[in-house]
Amino acid sequence: MHETIKHKLVKHKGAVQNLQALSSKQKQAVLFTYALALQTNQKQILAENEKDIAYAKKTGCDEAFINRLMLTTKKIIDIANDVKNIATFEDPVGRLFEQKKLSNGIVFKKVAVPFGSICIFYESRPDVTVNVAALCLKSSNGAILRGGSESINSNKMLIRIFHEVLVGHGISPHITMFI
């Protein structure tokens, strides 16, 4: 394994261990801030996306692929609204699904807990980067993301904005890693 990735994974693991200490309100505040930051940074996001579109056209990607890759002002607003919606979801962490008391007095509980980290490889769809980062934060899971090479500039910008928001809220940016 490349040493840089290994070093990132060590930081990621340490950061994710602290993620469960975040309250529902803290996670919600981060997500609302991220939604606002996406809208505020539209010009930078669109500029990076233009680089990705040019590369995709140069390498002969078909129109449907380019449409999935392309971001517009409207699409960024829609993505930001998706993040706001995720922020309002009920926090799944600690949710009690079932409880049984046995005749001997032992109580069994089925409770939702985070996985720890989720690694996702996906095609060149920048909106997936945002949605997975938001859903993982909401569920107190770390995220290791690998989008297609055609969307590298857009994804790096979207993750950079997310990391800035996390740091602004006193949370380690290493909870979400883009490789």
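## Close-up legends

**View 1. In helix H6, Pro 126, Thr 129, Val 130, Ala 133 and Leu 137 meet Ser 154, Asn 155, Leu 158, Ile 159 and Phe 162 of helix H7.** Contact here means heavy atoms within 4.5 Å, and helices (H or I, at least four residues) and strands (E, at least two) are DSSP runs, numbered from the N terminus. Please keep in mind that this is a predicted model, in which local features need pLDDT of at least 70 and side-chain atom pairs count only at pLDDT 80 or more, while totals for chains, interfaces and linings use all residues. Residues are numbered from 1 along each chain as its sequence is written, and side-chain values use heavy atoms, with hydrogens and water left out. By class, the residues of the contact of H6 with H7 divide into 7 nonpolar, 3 polar and no charged. Ala, Val, Leu, Ile, Met, Phe, Trp, Tyr, Cys and Pro count as nonpolar, Asp, Glu, Lys and Arg as charged, and the others, Gly among them, as polar.

**View 2. How do the axes of H6 and H7 cross?** They come within 8 Å of each other and cross at roughly 30 degrees. That angle makes H6 roughly parallel to H7. Axes are lines fitted to C-alpha atoms, for helices over the stretch in contact, and angles run from 0 to 180 degrees between N-to-C directions. Angles under 35 degrees count as roughly parallel, over 145 as roughly antiparallel, 65 to 115 as roughly perpendicular and the rest as oblique. The crossing of H6 and H7 is right-handed: the near helix is turned clockwise from the far one by less than a right angle, whereas an anticlockwise turn would be left-handed.

**View 3. The open sheet has 3 strands in the order E3-E4-E5, with parallel pairing.** Strand E3 (117-121) and strand E5 (176-178) stand at the edges with a single partner strand each, so one side of each is left without a neighbour in the sheet. Neighbouring strands of this sheet are turned by 15 degrees against each other on average, direction ignored. Between strand E4 (residues 142-146) and E5 there are 3 bridges; two strands pair if DSSP finds at least two bridges between them. For a place to zoom in, try Ala 143, which stands opposite Thr 176 in E5.

**View 4. Helices H6 and H7 both meet strands of this sheet.** Helix H6 (residues 126-138) lies across E3, E4 and E5 and runs at about 165 degrees to E4. Helix H7 (residues 152-168) packs on the sheet and touches E4 and E5, its direction making about 160 degrees with that of E5.

**View 5. Helix H3 (residues 42-58) and H7 have axes that come within 7 Å and cross at roughly 155 degrees.** H3 and H7 are therefore roughly antiparallel to each other. From H3, the contact uses Gln 44, Ile 45, Glu 48, Asn 49, Lys 51 and Asp 52, and from H7 it uses Ile 152, Asn 153, Ser 154, Met 157, Leu 158 and Ile 161. The residues of this contact of H3 with H7 divide into 5 nonpolar, 4 polar and 3 charged.

**View 6. Helix H2 (residues 24-40) and helix H5 (residues 73-88) cross at roughly 175 degrees, their axes coming within 8 Å.** H2 and H5 are therefore roughly antiparallel to each other. On the H2 side, the contact residues include Leu 31, Phe 32, Tyr 34 and Leu 38, and on the H5 side they include Ile 76, Ile 79, Val 83 and Ile 86. The contact of H2 with H5 has 12 nonpolar, 3 polar and 1 charged residues.

**View 7. Strands E1 and E2 form a hairpin with 5 residues between them.** Strand E1 (residues 96-101) and strand E2 (residues 107-111) run antiparallel and are joined by 5 bridges. Have a look at Leu 96, whose bridge partner in E2 is Val 111. In the turn, Gly 105 has a positive phi of about 95 degrees.

**View 8. Arg 95 is found in the loop between H5 and E1.** This residue is partly exposed, with a relative accessible area of 42%; buried means under 20%, exposed over 50% and partly exposed in between (1.4 Å probe, protein chains only). Not counting residues up to four places away in sequence, Arg 95 touches Glu 90, Lys 110, Val 111 and Ala 112. The C-alpha atoms of Arg 95 and Cys 61, 34 residues apart along the chain, are separated by 44 Å.
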